[in-house]
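Student: Hey, can you walk me through this one? I'd like to start with the sheet.

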Amino acid sequence: MHSHLDAILFHETTILSRLDELGRQLTVDYAGRDLTVLLVLHGSLFFAADLLRRINLPLQLTSLSVSSYHGGTESAGTVTFHQPALPDLRGRHVLIVDDILDTGLTLDSIRRRLEEECQPASTRLCVLLEKRRPRPVEVRPDYVGFRIEDAFVVGYGLDYQGHYRNLPLIGTLRKEFIVAG
Ligand code: IMP
């Protein structure tokens, strides 16, 4: 799979040492609060598995399945929720964990729905990657692993048409592996 990559942005050791820092910060910030971590599936799986083991607090875990890419390298602009009911988050301090902030439409729409329908005590956003680009909605993540240029990346949970999630690093795909259209 590595041979499909054009460039490597972050090796596993770099990712994990950044997660050490984020885990320490989250441990301090959420001390004494009822923390629920909400994973945005499937992209956040690898990030969350490594990050949550670095948070030294009792916490609860729940997830939401949504999609906005529908297979390409550009956001479709609409967010589809794949489950009829939202988790019970009343009174909980909710940390929403996602792989990447691109247009911001996914996290904006998840946060709005949770705040309107679930009455959490608080919501914060935690992303592994934030793309430097203008966004159609204003979304400010509270915790960011790394800021990157506006490029399509794969690995460490991020996919292209369902592939590459299990790459242990983050990189850009060579053009010949991206299907035109
Ligand atoms: P949004 O445009 O911020 O709503 O991004 C929503 C989702 O699109 C993210 O959670 C990712 O699953 C996916 N996505 C955005 N940028 C990339 C990328 O560069 N590679 C792989 N998936 C991406």
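**The sheet and its helices**

Tutor: Sure! There's an open sheet of six strands, in the order β4-β3-β2-β5-β6-β7, with mixed pairing. Strands here are DSSP runs of E with at least two residues, and helices are runs of H or I with at least four, numbered from the N terminus. Two strands pair if DSSP finds at least two bridges between them.

Student: Which strands stand at the edges?

Tutor: β4 (80–81) and β7 (143–148) do, each with a single partner strand, so one side of each has no neighbour in the sheet.

Student: Is this an experimental structure or a predicted model?

Tutor: This is a predicted model, so local features need pLDDT of at least 70 and side-chain atom pairs count only at pLDDT 80 or more, while totals for chains, interfaces and linings use all residues. Residues are numbered from 1 along each chain as its sequence is written, and side-chain values use heavy atoms, with hydrogens and water left out.

Student: Ok, back to the sheet. In which sense do β2 and β5 pair?

Tutor: Strand β2 (residues 35–41) and strand β5 (residues 93–101) are parallel, paired over five bridges. For T36, the bridge partner in β5 is V94.

Student: And what does α1 touch on the sheet?

Tutor: Helix α1 (residues 12–29) packs on the sheet, touching β5, β6 (122–131) and β7. Contact means heavy atoms within 4.5 Å. The direction of α1 makes about 150° with that of β7. For such angles, axes are lines fitted to C-alpha atoms, for helices over the stretch in contact, and angles run from 0 to 180 degrees between N-to-C directions.

Student: Which residues of α1 are buried?

Tutor: I15, R18, L19, L22, G23, L26 and T27. Buried means under 20% relative accessible area, exposed is over 50%, and partly exposed is in between (1.4 Å probe, protein chains only). Those buried residues pack against β1 (5–10), α2, β5, β6, β7 and β9 (170–173).

Student: New topic: what's up with the peptide bond from L41 to H42?

Tutor: That bond is cis, with omega near -5°. H42 sits in the loop between β2 and α2. Most peptide bonds are trans, and most residues other than glycine have a negative phi.

Student: So where is Y164, and what's its phi?

Tutor: Y164 is in the loop between β8 and β9, and its phi is near 80°, a positive value.

Student: Is Y164 buried or exposed?

Tutor: Y164 is buried, at a relative accessible area of 8%.
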